[in-house]
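This report introduces a structure to a reader who has not met it before. It turns to the ligand and its surroundings, and then to the aromatic rings.

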Amino acid sequence: MDFSDRAATWDDDPEKLRNAAQVAEAVRRNLDLTGAEDVLEFGGGTGLLSRALADDVGTVVITDAAPGMVAVAQQRIDDLGRGDRMRAALFDPTSDDTDPGQFDVIWSMLALHHVPDIDVALARLRGLLKPGGRLALADLDEDPGGSFHQAHGDFHGHDGFDRHTLGHALQRIGFQDIAFDTATTVDKEVDGARRSYPVFLVTARVPR
Ligand SMILES: C[S@@+](CC[C@H](N)C(=O)[O-])C[C@H]1O[C@@H](n2cnc3c(N)ncnc32)[C@H](O)[C@@H]1O
């Protein structure tokens with residue numbers, strides 16, 4: 001799926017704003033943020049989550065693989081006058097893109113399920129965390145029928161994640177203190193009926 005074409009109108013959907021606010025609340029609940037953290041957002045799109053949390057941390061780099069999303073994210077940062085503490089950049093952790101830096105926290109919302117090889121992405125993200133750095137990923141719980149993405153014929157990602165399986169993957173990659181919370185639900189119309197898809201927040205830490 002190429003998200004660039006959807007970037008200009010992405011923030012017009014009130015459901016996306018509601019989801020970002022609730023995931024931000026879950027991040028606050030689960031990470032003891034001091035206000036000084038250097039943060040990377042992975043698959044950040046227009047930066048809804050990072051903008052919701054901008055006052056809780058020090059600096060934020062919003063990254064995404066879609067150039068259109070990065071352009072809109074940077075425009076939103078400029079419009080807010082936050083260019084001193086925030087920037088947007090192209091970055092795909094499964095590519096040979098240059099590392100965007102070293103971070104205290106990496107957060108993300110609804111991006112990991114779009115990445116076919118999550119082990120490669122998570123290992124790369126782990127390498128971008130400083131000792132003791134923390135990961136906070138929000139994504140869809142397992143959707144066995146795949147109804148969430150059924151309207152997208154070009155979707156080649158994951159139909160959500162089983163929490164245990166994802167927890168084990170994080171452990172294998174070297175994360176510790178792995179914990180799950182329920183952050184929000186994404187509500188959408190599928191086959192003429194309104195359905196709610198739960199979204200977890202998994203937090204984890206790299207050793208000091
Ligand atoms: C469903 S959107 C979510 C965007 C944003 N996090 C939000 O919740 O509004 C998924 C995003 O992940 C990005 N993405 C997909 N695969 C990626 C990859 N391998 N590396 C970086 N970003 C990726 C897409 O370009 C898209 O912006």
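A polar contact is a pair of N or O atoms within 3.5 Å. The structure is a predicted model, and the contacts of its ligand are described on that basis.

**Ligand contacts**

A nitrogen atom of the ligand is 2.9 Å from a polar backbone atom of Gly43, so this pair falls within the 3.5 Å limit. Two further residues, Asp92 and Met109, also place a polar atom by a ligand nitrogen, the former through its side chain and the latter through a backbone N or O atom. The distances are set out below.

| Residue | Protein atom | Distance to a ligand nitrogen atom |
|---|---|---|
| Gly43 | polar backbone atom | 2.9 Å |
| Asp92 | polar side-chain atom | 3.0 Å |
| Met109 | backbone N or O atom | 2.7 Å |

On its own, the ligand has 590 Å² of accessible area, of which the protein covers 91%. The ligand is located in the largest pocket.

**The surrounding shell**

The ligand is surrounded by 19 residues, and the closest are Trp10, Gly43, Asp64, Asp92 and Met109. Sorted by class, this shell comprises 13 nonpolar, four polar and two charged residues.

**Aromatic pairs**

Three aromatic pairs are found in a search of the whole structure. One of them joins Phe3 and Trp10 in an edge-to-face arrangement, with 5.8 Å from centre to centre and 75° between the planes. Phe3 is buried, because its relative accessible area is 16%, and Trp10 is likewise buried, at 18%. Another pair consists of Phe180 and Phe200: the ring centres are 5.5 Å apart and the planes stand at 70°, so this pair is edge-to-face.

Conventions. Residues are numbered from 1 along each chain as its sequence is written. This is a predicted model: local features need pLDDT of at least 70, side-chain atom pairs count only at pLDDT 80 or more; totals for chains, interfaces and linings use all residues. Side-chain values use heavy atoms; hydrogens and water are left out. A residue is near a molecule or strand if one of its heavy atoms lies within 4 Å of it. A polar contact is a pair of N or O atoms within 3.5 Å; within protein, one must be able to donate a hydrogen and the other to accept it, and residues adjacent in sequence count only if both atoms are side-chain atoms. Accessible areas come from the Shrake-Rupley method with a 1.4 Å probe; for residues, only the protein chains shown count as cover. On a 1 Å grid over the protein atoms alone, a cavity is a set of points where a 1.4 Å probe fits but cannot get out, and a pocket is an open set with protein on both sides within 12 Å along at least five of seven lines; lining residues have an atom within 4 Å of a point. A molecule sits in a cavity or pocket if more than half of its atoms lie within 2 Å of its grid points. Ala, Val, Leu, Ile, Met, Phe, Trp, Tyr, Cys and Pro count as nonpolar, Asp, Glu, Lys and Arg as charged, and the others, Gly among them, as polar. Rings of Phe, Tyr and Trp (its six-membered ring) pair if their centres lie within 6.5 Å; planes under 30 degrees apart count as stacked, over 60 as edge-to-face and the rest as tilted. Buried means under 20% relative accessible area, exposed over 50%, partly exposed in between (1.4 Å probe, protein chains only).
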